[in-house]
Amino acid sequence: MNDALGRPLRDLRISVTDRCNLRCVYCMPKAVFGRDFVFLERDQLLTFEEIARVVRVMSAAGAHKVRLTGGEPLLRRDLPALVSMLSAVPGIGDLAMTTNGALLTREMAKSLAAAGLRRITISVDSLDDDVFRRVNDVDFPLARVLAAIDAAKEAGLMPIKIDMVVVRGLNESSIVGVARHFRETGHIVRFIEYMDVGNTNGWRMEDVVSGAEMRDAIGREWPLVPAEPNYFGEVAQRWCYADGAGEIGIITSVTQPFCGSCTRARLSAAGELYTCLFAGKGRDLRSLLRNGSTDAEISAAIGAVWSARDDRYSEIRSAATAGLKKVEMSHIGG
Ligand code: SAM
Ligand code: SF4
Ligand code: SF4
């Protein structure tokens with residue numbers, strides 16, 4: 001199934017909750033996501049059965065990779081039960097999760113792995129505890145996330161990916177420290193350009209540290225050599241340490257967009273299907289799931305959305321796109 005620009009549907013990112021226990025300043029600024037922010041109610045969230053049904057239909061339409069995200073996915077009670085339902089869907093060859101690690105205990109990591117989770121990405125925005133707390137804005141200690149990484153390793157969820165979003169003036173001084181910490185561990189750090197997702201984080205182009213700057217900062221300490229992509233549409237540019245200490249990825253969504261190979265659909269916690277991270281509106285699938293529609297009808301609705309898809313926001317980002325109303329990252333899923 002190809003979209004209007006010839007891109008197949010391959011990956012599905014599922015936000016299982018719009019809530020989070022952290023308030024990273026670039027994602028859920030406290031001034032907006034404070035005490036009086038109205039999150040989704042329980043009955044507005046897709047149930048595990050509903051999520052699994054969408055995944056079955058999407059898998060039949062060609063999607064073979066699923067990533068659970070949010071908000072913070074581990075806030076959703078009994079997440080391993082969902083993992084086990086999804087890992088049983090025929091055609092889903094890759095099942096992964098992105099988490100901040102705050103709730104990833106050893107027991108949880110083991111249960112997720114036993115339920116069929118294949119890979120995990122844990123976000124770490126600094127190895128300096130002060131900076132880390134300043135980024136998450138709820139005084140959450142770095143040590144707990146490092147323990148979560150160990151728990152994931154013990155559970156066999158290797159290789160672990162570590163995501164670091166770099167914002168100028170906030171944590172750019174932590175780039176080399178993060179690279180240093182994870183060299184030789186087998187974990188793969190991906191350094192990510194700060195994006196203008198949603199309308200609440202106050203994004204400015206001046207705050208973006210380009211992938212080239214990040215690569216130069218790391219390369220000055222340890223020379224890097226480019227590596228081939230693992231597969232078509234891989235978003236991270238791969239670089240290996242010349243001394244054999246492992247690899248890193250650089251994700252340049254802003255300075256070198258990759259819309260041409262974007263094969264990702266996103267399902268929000270409320271059951272809307274989005275075809276771009278920067279979209280303003282999604283197609284409501286929840287009402288179809290709850291009004292007796294057949295799988296064929298749901299599949300036709302998804303097919304209609306995908307075949308009309310012509311999104312390429314990052315390629316056309318400009319002053320003209322700056323004022324557009326966009327969905328928030330915590331709602332759509334990063
Ligand atoms: N709460 C989980 C976590 O933080 O890993 C999963 C959801 S979070 C939205 C997924 C990823 O999106 C995280 O690695 C986060 O750093 C990244 N992210 C959030 N806002 C971003 C932004 N404005 N630009 C780039 N990446 C962002
Ligand atoms: Fe929460 Fe993840 Fe957003 Fe941070 S990046 S506020 S951990 S959803
Ligand atoms: Fe895909 Fe939209 Fe990002 Fe382009 S801007 S890579 S279409 S999610």
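Four bridges join β1 to β10, and the two strands run parallel. The model is predicted. Across this pairing, Arg 13 stands opposite Arg 266 in β10. Both faces of β10 are covered. Arg 264 and Arg 266 are buried on one side, and Ala 265 and Leu 267 are buried on the other. β10 also pairs with strand β11 (residues 272-274), here in the antiparallel sense and over two bridges. Leu 267 stands opposite Leu 273 in β11. β10 and β11 form a hairpin with four residues between the strands. In this hairpin, Gly 271 takes a positive phi near 85°.

These strands belong to an open sheet of 12 strands with mixed pairing. The strand order is β7-β8-β9-β6-β5-β4-β3-β2-β1-β10-β11-β12. β7 (224-226) and β12 (283-284) are the edge strands, and each pairs on one side only. The pairing of β7 with strand β8 (residues 237-241) is antiparallel and spans three bridges. Within it, Pro 226 has Trp 239 of β8 as its bridge partner. β8 in turn is joined by four bridges to strand β9 (residues 247-251), and these two strands run antiparallel. Here Cys 240 has Glu 247 of β9 as its bridge partner. β8 and β9 form a hairpin with five residues between them. Gly 244, in the turn, has a positive phi of about 85°. Elsewhere on the sheet, helix α5 (residues 142-154) lies across β4 (119-123) and β5 (161-166). The helix runs at about 170° to β4.

The largest nonpolar core holds 106 residues. Ile 14, Leu 86 and Phe 191 touch the most other members. The largest share of this core, seven residues, comes from α1. The contacts of Ile 14 were listed without residues up to four places away in sequence. On that basis, Ile 14 touches Ile 51, Val 55, Val 66, Arg 67, Leu 68, Thr 69, Leu 86 and Leu 267. Leu 267 is thus a contact of Ile 14 and one of the buried residues of β10.

Arg 42 lies in the loop between β1 (11-15) and α1 (48-60). Arg 42 counts as exposed because its relative accessibility is 63%, and exposure requires over 50%. Arg 42 and Thr 17 are 25 residues apart in sequence. In space, their C-alpha atoms are 9.4 Å apart.

Two ligand shells were examined. Ligand 2 is surrounded by Cys 20, Leu 22, Cys 24, Cys 27, Met 28, Gly 71 and Asn 100. This shell divides into five nonpolar residues, two polar and no charged. Ligand 3 has around it Phe 258, Cys 259, Cys 262, Arg 264, Arg 266, Cys 276, Leu 277, Phe 278, Arg 309, Asp 311, Tyr 313 and Ser 314. The elements giving two or more residues to this shell are β10 (264-267) and α10 (313-316). By class, the shell around ligand 3 comprises seven nonpolar residues, one polar and four charged. Arg 264 and Arg 266 are among the residues around ligand 3, and both are buried on one side of β10. Arg 266 is also the residue opposite Arg 13 of the neighbouring strand pairing.

Note on methods: Residues are numbered from 1 along each chain as its sequence is written. Chains are lettered from A and ligands numbered from 1 in the order in which they are written. This is a predicted model: local features need pLDDT of at least 70, side-chain atom pairs count only at pLDDT 80 or more; totals for chains, interfaces and linings use all residues. Side-chain values use heavy atoms; hydrogens and water are left out. Buried means under 20% relative accessible area, exposed over 50%, partly exposed in between (1.4 Å probe, protein chains only). A nonpolar core is a set of buried Ala, Val, Leu, Ile, Met, Phe, Trp, Tyr and Cys residues joined through side-chain atoms within 4.5 Å. Contact means heavy atoms within 4.5 Å. A residue is near a molecule or strand if one of its heavy atoms lies within 4 Å of it. Ala, Val, Leu, Ile, Met, Phe, Trp, Tyr, Cys and Pro count as nonpolar, Asp, Glu, Lys and Arg as charged, and the others, Gly among them, as polar. Two strands pair if DSSP finds at least two bridges between them. Axes are lines fitted to C-alpha atoms, for helices over the stretch in contact, and angles run from 0 to 180 degrees between N-to-C directions.
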